[in-house]
Amino acid sequence: MGYTDEDVIGKTSLEFNLWKDLSARSKLAKKLDQNKTVTNMVAEFVTKTGEIRTALLSVSVVEMSGKLNVLSIARDISDRIVAEKKLKELNRELRNQNKKLETLNIELEAAKQKAEESDRLKSAFLANMSHEIRTPMNGILGFSNLLKNMNISTQERLTYLNVIEQSGNRLLNIINDLIDISKIEAGQVTVNRSECNVTKQITSLYTFFKREAEQKNLELILQPRVKKEMITLVTDEDKLVAIFTNLIKNALKYTKEGSIIIGFRRVDGVVEFFVKDTGIGIAKDRQKAIFERFVQADIEDRDVYEGAGLGLAITKAYVTMLGGTIRLESEEGKGSTFYFTLPDNEAGSPSQPVEKPEDSTRQEQEFPMLNILIVEDEVFSDQLLTVVLQKMAKKIYHATSGAQAVELFRQHPDIDLIMMDIKMRNMDGYEATKAIRQMDKEVVIIAQTAYALVGDRKKAIEAGCDDYIAKPIIKKEVLKVVGKYFTV
Ligand code: ADP
């Protein structure tokens, strides 16, 4: 307690202020009265310098020379108490750490499962991609090779060419999807809103896909109200068409028999569109995943449906960009309905009757003879355009760069039509168009590009082009676009 001999000799303990809490002393006194001895009592004492110490007391009443005395042994256990407290704290901390470890373990396990799943998906994706690219390539290369044989009938030749064309289209679809998804992920897709006659768009999509449905023995049905109720929305027309196209294509792809219905309804400030099929349906546990890129409902791809699993990811991204949501109801073996909404911002313009989609394809004979300049740095693309345009050409000039195109136009101002490639070394198509427009405002310039990016059209028009076509060049498309500017 810090007291010296001198301090204590000749005094009783009562003369020191020893107890921190006097009630503890009274308790001890009471116990001693009853039992004469008290062991292992813990109490706190104040040292000479005022420090608080904890002690373990063993106290007995003893008789010495006929007098009652109190014999008290106090062991200082302050350090032990501190140690015990620390131990308790450590224990608590340990328990906490354990708990944290447990959660960490759970998280790790989940991450591991996710990694394994994504590994499985990656393998499935690579296998599927390889399949998706090799199959059409196989068709193209295999049947081109067969075509080299001189002894095949016209019928066979046509069959081979059909395979090549279809394979090419399939390959193009994959490439387009890959480009679209890359652009979406790079945040490069912009929304171009304008007034859009939705009814007209749905109707022409219906007309477009009806034949394909019939070939598959499926009934494509346009909900009757689509024809009755005209809707005009301010939205991005290209994206709306892309959304519908993807959903209808999927419905056609995943339905073996029955029907596909296209329609819409208006609810709570939105227009909800739907594409409903009686196809194979989608298992509940895959319904969320299919909206992710490269994901197919059937991971192992047992039924080998065509596709890279990008369509719905692109569709969902577009719907979101347009301010809507997409959802699905589906039952395996029964069919699926995909619903998507768009804000109902009815443009309010007087409704016009639905126009019948016009067949504006024209034959070459219906064109006047033109002086044409093909600007193209790739030999095959130039050859293709030359073949497509030759029947309506008085003369065809060829340039392989923007600079050469400008020069050729300077020398031959009687050129009527310029087919302008965009991506070229030594002055690209935009620059060349601008330069040509400074000399001449009348000549028809049609941009043709393999980028096929949304926004390309706008850029081409801004540079001074009259129109735009995306490669691959299809004769029908070229005649349709050129036909807008020339009549006999
Ligand atoms: P893809 O069709 O190229 O595989 P999508 O992203 O368009 O890719 O679709 C993802 C998956 O969703 C498909 O692989 C298919 O399993 C499932 N799916 C999409 N639409 C339908 C549908 N209408 N009926 C049944 N399954 C569908």
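Which residue takes a positive phi in the hairpin of strand 2 and strand 3? That's Ser65, with a phi near 50°, in a hairpin that has two residues between the strands. Keep in mind that this is a predicted model. Below we start with the ligand, move on to the five-stranded sheet, and then come back to the hairpin.

**Around the ligand**

- The ligand has 20 residues around it, and the closest are Asn250, Tyr254, Asp277, Gln296 and Leu312.
- Sorted by class, that shell is made of eleven nonpolar, seven polar and two charged residues.
- Three elements each bring at least two residues to the shell: helix 7 (237-253), helix 8 (311-321) and strand 10 (335-343).
- Of the contributors, helix 7 gives the most, with three residues.

**Polar contacts to the ligand**

- Asp277 uses its side chain here: an N or O atom in that side chain is 2.8 Å from a nitrogen atom of the ligand.
- With Leu312 the backbone does the job, as one of its polar backbone atoms sits 2.7 Å from an oxygen atom of the ligand.
- Ser336 places a polar side-chain atom 3.4 Å from a nitrogen atom of the ligand.
- On its own the ligand has 530 Å² of accessible area, and the protein covers 96% of that.

**The five-stranded sheet**

- Five strands make up an open sheet in the order 5-7-8-10-9, and the pairing is mixed.
- Strand 5 (218-222) and strand 9 (326-331) are the edge strands; each has a single partner strand, so one side of each is left without a neighbour in the sheet.
- From one strand to the next, the twist averages 15°.
- Strand 10, which is in this sheet, also supplies at least two residues of the shell around the ligand.
- At the strand 5 edge, the pairing with strand 7 (residues 258-267) is parallel and runs over five bridges.
- To find your place in that pair, look for Leu220, which stands opposite Ile260 in strand 7.

**Back to the hairpin**

- Strand 2 (residues 52-64) pairs with strand 3 in the antiparallel sense, over ten bridges.
- A handy landmark in this pairing is Val59, which stands opposite Ser72 in strand 3.
- How many of the ten residues in strand 3 (residues 67-76) are buried? The count is zero, so to speak a bare strand: strand 3 is hardly covered.

Technical notes. Residues numbered from 1 in each chain as written. Predicted model: local features only at pLDDT ≥ 70, side-chain atom pairs only at ≥ 80, totals over all residues. Heavy atoms only, no water. Near = heavy atom within 4 Å. Polar contact = N/O pair within 3.5 Å; in protein donor to acceptor, adjacent residues only side chain to side chain. Areas by Shrake-Rupley, 256 points an atom, 1.4 Å probe, with all protein chains shown as cover. Helix = DSSP H or I, 4+ residues; strand = E, 2+ residues; numbered from the N terminus. Nonpolar A, V, L, I, M, F, W, Y, C, P; charged D, E, K, R; others polar. Buried < 20%, exposed > 50% of the residue type's maximum accessible area, 1.4 Å probe, protein only. Pairing = 2+ DSSP bridges. Axes fitted to C-alpha atoms, helices over the stretch in contact; angles between N-to-C directions.
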